[in-house]
Amino acid sequence: MDDGRLMEFLGRFVGDLGAAMAAGNVVVGQRLGLYAGLAQGAATPEELAARTGCDARYLTEWLRGQAAGGYVEYDAGSGRFSLTEEQAFCLADAAGMHLPAAFQLVLGSLAAEPRITEAFRTGAGVGWATQDRDVHLGCEAFFRPGYAANLVSTWIPALDGVERRLTDGARVADVGCGLGASSVIMAQAYPRTRISGSDYHDGSIDLARKRAADAGVADRATFEVASAQTFGGDGYDLVTSFDCLHDMGDPLGAARHVRDALAPDGTWLVVEPLAGDRPEDNMNPVGRMYYSFSTFLCVPNGLSQPGGYALGAQAGEAAIRQVMTDAGFTRFRRAAETPFNAVYEVRP
């Protein structure tokens, strides 16, 4: 045994163990407004307790752990903790990156561990609709800032002629819309366009309707409980699917239904996790994150549905292209990408 390699592995394990427990602490910080309180200015645990109405002893331990992990700053001279501008943008700003939602998604996912462990033995699926509520809420809260930052400013303009059509007034089907973040964003940006969102999970659709009403766009963003293979309507100028095609048991059936629902000159915007086609292309921190989520969420959901597919979150462009080709689409290209997403333009 190589002692150097052993210590290197143990160091990695300690880092991962601390990060795993940090997930719960970050969610506590978000739910209790601790980051928002700290964003008001540097504070001792007692001062933060006065701002947030929380217990100073708990806050002492929480703040020290946050500082040890690099999530907050600590000044030993004054005994105060603080957030840098960048930390506040990521952790405390509702209009920022809202990273605590990712840990909310983690905690919700891990709640299914006993069922996932059993599914490893049986090969059975675990459906998205049966996951913990924190999975649905955390997923929407984590992905929404990325959609807000890119959908209208970059992704739609990258599609041939689509932005003009939406500005003039078009019909859009947002398939697998979840809690409706993407639908609301499009409805706000293109007031002449009508959005029809759909998702097979009725709880998500209930929240999507509420989010649209709260945003004042319920007159132009409507929702139905329906799968990607059964959503209603046809003649759509644009169909969108955000981070959901790889979760489906029957993405081919969904693609065929989308093709039938599109206008002859319509476009399908497909946003998927960025991935290489070979496993070795994804052996990096982002790939590790996606494979881990996929093991608990994406593959189990695919296996819970008929169709025979379980693409997973790191399917890669070639696998997505093959689904589109098999469904009869003739044009497929990567129109844009971010460090986390690939954006595909698909046409009949």
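Visitor: Which residues does UniProt list for "domain: Methyltransferase"?
Guide: The entry is unreviewed. UniProt annotations may be inferred rather than shown by experiment. The listed residues are 167-273.

Visitor: What kind of model is this?
Guide: Residues count from 1 along each chain as its sequence is written, and side-chain values use heavy atoms, without hydrogens or water. Local features need pLDDT of at least 70, side-chain atom pairs count only at pLDDT 80 or more, totals for chains, interfaces and linings use all residues, and the model is predicted.

Visitor: How far apart are the end C-alpha atoms of residues 167-273?
Guide: The span is 33% helix and 33% strand. Helices (H or I, at least four residues) and strands (E, at least two) are DSSP runs. The end C-alpha atoms lie apart by 27 Å.

Visitor: Is Ser 182 buried or exposed?
Guide: Ser 182 sits in helix α10, residues 181-189. Buried means under 20% relative accessible area, exposed over 50%, partly exposed in between (1.4 Å probe, protein chains only). Ser 182 has 4% relative accessibility, so it counts as buried.

Visitor: Which residues is Ser 182 in contact with, leaving aside neighbours within four places in sequence?
Guide: Contact means heavy atoms within 4.5 Å. For Ser 182, the residues are Tyr 147, Leu 151, Asp 174 and Phe 242.

Visitor: What separates the C-alpha atoms of Ser 292 and Val 106?
Guide: Ser 292 belongs to helix α13, residues 285-303. Its relative accessible area is 41%, so Ser 292 is partly exposed. Val 106 is 186 residues away along the chain. The C-alpha separation is 9.8 Å.
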